[in-house]
Amino acid sequence: MAIRVAHVGTGNVGRLALTELVTNPQFELTGVCVSAPEKVGRDAAELCGLDVLTGVTAVNDLDAVLAAAPACIVYCAMGDTRLPDAMNDVRRILAAGVNVVGSSPGLLQYPWGVMPDKYIDRVEVAAQQGNSSIFISGVDPGFANDLIPFALAGTCQRIEQVRCMEIADYATYDGSEVMFDVMGFAKPLDEVPMLLQPGVLSIAWGTAIRQLAAGLDIEADEIPDSYKREPAPEDFEIAVGRVAKGTVAALQFEIRGIVNGHPAIVIEHITRLRPDLRPDWPQPAAGGGSYRIEIAGEPCYAVDIVPSSRRGDHNHAAIVGAAGRIVNAIPAVIAAPPGIRTTLDLPLVTGKGLYSPGLVST
C-alpha cells in the first residue's frame with residue numbers, strides 16, 4: 001500500500017522532492033502547502049514541472065494539509081531566514097501525529113550541543129505527544145558530512161582527521177535569497193552577510209561536526225570557524241543577477257571540531273561564481289563541483305563525489321541528491337521510535353523501489 005504523504009514548500013529542494021512524491025508509486029500525495037500566493041490553486045505536478053495532473057492543488061493552510069491525515073510530511077519550506085516559524089511548523093506537525101522528513105530547519109539535523117536544550121525539548125515533547133519522528137538532512141550539511149564519511153570511517157583502523165569539502169561554482173544556483181542575503185555574494189566586502197556573522201558558521205555546520213564526533217565517539221571541545229572572500233575583477237552576470245566589480249565573487253570558509261587541541265573534524269567550502277577566481281584554492285574533481293571526503297589515518301582516503309544530471313548541471317544534481325535523501329528515508333522514519341532521528345539512528349537507506357532501466361545502454 002502506498003504511503004500517504006503531504007508536502008510543504010516548493011523552492012529549490014522542495015520542487016525536486018515533490019517530483020519524486022508525484023512520480024514514485026510508493027507514495028500517495030495527499031496535499032501540498034505553499035507560501036507564494038501565485039502558487040495557490042495550482043496542481044502539484046504543475047508546481048514541479050510535470051506534464052500530468054494529480055488532482056492535488058496547493059493551499060497556503062498547513063492545518064488543511066494536516067486534516068488529510070498523511071503519515072508523513074516532507075518539509076522543505078525556507079528555514080535559514082525564518083527559523084522560529086519553521087520550528088513552530090514542525091512542532092505542530094509532529095504533535096498532530098504526522099512524521100516529518102525535510103531539508104529544514106537545518107539545526108534539527110543533529111541539534112545536541114548546538115541548540116539550547118529548551119528548544120530541543122519542545123520538539124521532543126511534540127514528537128512524544130504525536131508518537132511521531134522527524135529527520136532533517138540534505139547534501140551539505142547532509143549526507144556528504146555524515147553518511148559518506150561514516151561509511152569510509154567504518155573501514156579504518158585509526159582515524160586522525162576527517163575533512164569534508166564542498167568545492168563548487170555557484171553561478172547557476174537559482175536562489176537569490178540564499179546567494180545574496182545569506183551568503184553575501186555581489187555584496188561589498190565590508191558588508192557581513194547572515195552566514196558570516198560571528199558564530200553562525202559554527203552553528204549552521206555545528207550539527208554536522210557534532211554528529212560526526214558522536215559517530216567517532218569523540219567530543220569537540222570547541223568549534224571555531226574562519227572565512228576568506230574574493231572580489232569580482234569586473235562586472236559579470238550569474239543566474240540570479242549581476243555581480244559588480246569589487247563585490248564578493250568567491251568565498252572560502254572552514255569549520256573545525258577541536259579535540260584536545262587537534263582539528264579532528266573539518267568542514268570546508270570553496271564557492272566560486274567563476275572558475276577562474278582564486279585558482280590557488282582547491283578545485284573540483286570534475287565539472288563545476290564536487291564533494292571531497294578526506295580521512296587521515298590508516299588507511300587514508302581521498303574520495304571525490306561528482307554529482308551530475310541529465311536535467312541540469314552540478315548544482316541541480318546536488319539538490320536532487322538532497323531531495324532524494326529525505327524522500328527515500330520516509331519509510332525508515334515512519335518506522336522509527338518517536339523523536340528527533342539522525343543518520344546515526346536510521347538503518348541504511350538503499351534506494352529500494354527506485355530501479356528503472358531508463359536510458360542506460362547495455
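Helices and strands in this tour are DSSP runs, numbered from the N terminus. The structure on display is a predicted model.

**Stop 1: the loop that holds N260**

Select N260, which lies in the loop between strand 11 and strand 12. Its phi is near 50°, a positive value in a residue other than glycine. Most residues other than glycine have a negative phi, and most peptide bonds are trans. N260 is exposed, its relative accessible area being 73%.

**Stop 2: N131 and S132**

Move next to N131, in the loop between helix 5 and strand 6. Here too phi is near 50°, and N131 is a residue other than glycine with a positive value. With a relative accessibility of 57%, N131 counts as exposed.

Now select S132, also placed in the loop between helix 5 and strand 6 (133-136). Is S132 buried or exposed? S132 is buried, because its relative accessible area is 0%, and buried means under 20%. Showing its surroundings brings up contacts with L94, G97, V98, N99, A126, A127, P338 and G339, once neighbours within four places in sequence are left aside.

**Stop 3: two cis peptide bonds**

Select S104 and P105 together: the peptide bond from S104 to P105 is cis, with omega near 0°. P105 belongs to the loop between strand 5 and helix 5.

Then go to E298 and P299, where the peptide bond is again cis, with omega near -5°. P299 sits in the loop between strand 13 (289-298) and strand 14 (301-305).

**Stop 4: Q109 and helix 9**

Return to the loop between strand 5 (99-102) and helix 5 (117-130) and select Q109. This residue counts as buried, at 4% relative accessibility. Beyond residues up to four places away in sequence, Q109 touches I136, P141, G142, D146, T207, A208, Q211 and T342. Which residue shares a side-chain polar contact of 3.4 Å with Q109? The partner is T207.

T207 leads to helix 9, where the buried residues are G206, T207, A208, I209, R210, Q211, L212 and A213. Helix 9 (residues 206-216) is largely enclosed by the rest of the structure, because eight of its eleven residues are buried. To see what surrounds helix 9, colour helix 6 (147-153), strand 7 (158-169), helix 8 (200-204), strand 11 (248-259) and strand 12 (262-272), against which its buried residues pack. Just after helix 9, D217 takes a positive phi of about 60°.

**Stop 5: R229 in strand 8**

Select R229, found in strand 8 (residues 225-231). R229 counts as buried, at 16% relative accessibility. Follow its side chain to two backbone oxygens: that of L189 lies 2.5 Å from a polar atom of the R229 side chain, and that of E191 is reached at 3.0 Å. The contacts of R229, leaving aside neighbours within four places in sequence, include P188, P193, L196, V248, A250 and L251. For a distance to display, join the C-alpha atoms of R229 and T247, which are 9.4 Å apart in space and 18 residues apart in sequence.

**Stop 6: helix 1 and a pocket**

Select helix 1 (residues 12-23). At 1.5 Å a residue, its twelve residues should span 16 Å, and its end C-alpha atoms are 18 Å apart, which agrees. Within helix 1, V13, G14, L16, A17, L18, T19, E20 and L21 are buried. The elements that its buried residues pack against include strand 1 (3-8), strand 2 (27-33), helix 10 (314-327) and helix 11 (330-335).

Helix 1 and helix 10 each supply at least two residues of the lining of the second largest pocket. Which helix gives the largest share of that lining? Helix 10 does, with six residues. The second largest pocket holds about 1,100 Å³ of space. Of the 30 residues that line it, E20, R311, V320, G324 and L354 are the closest to its centre.

**Stop 7: the cysteines**

Finally, select the cysteines. How many disulfides does a search of the whole structure find? The search finds zero. The cysteine sulfur closest to that of C33 is in C76, at 12 Å, which is too far for a bond. C72 is in no disulfide either, as the nearest cysteine sulfur, that of C76, is 11 Å away. C33 counts as buried at 9% relative accessibility, and C72 counts as buried at 0%.

Key
Residues are numbered from 1 along each chain as its sequence is written. This is a predicted model: local features need pLDDT of at least 70, side-chain atom pairs count only at pLDDT 80 or more; totals for chains, interfaces and linings use all residues. Side-chain values use heavy atoms; hydrogens and water are left out. Helices (H or I, at least four residues) and strands (E, at least two) are DSSP runs, numbered from the N terminus. Buried means under 20% relative accessible area, exposed over 50%, partly exposed in between (1.4 Å probe, protein chains only). A polar contact is a pair of N or O atoms within 3.5 Å; within protein, one must be able to donate a hydrogen and the other to accept it, and residues adjacent in sequence count only if both atoms are side-chain atoms. Contact means heavy atoms within 4.5 Å. The expected span of a helix is 1.5 Å times one less than its number of residues. A disulfide is a pair of cysteine sulfur atoms within 2.5 Å. On a 1 Å grid over the protein atoms alone, a cavity is a set of points where a 1.4 Å probe fits but cannot get out, and a pocket is an open set with protein on both sides within 12 Å along at least five of seven lines; lining residues have an atom within 4 Å of a point. Grid points are joined across faces, edges and corners, and a volume is the space filled by probe spheres set on the points.
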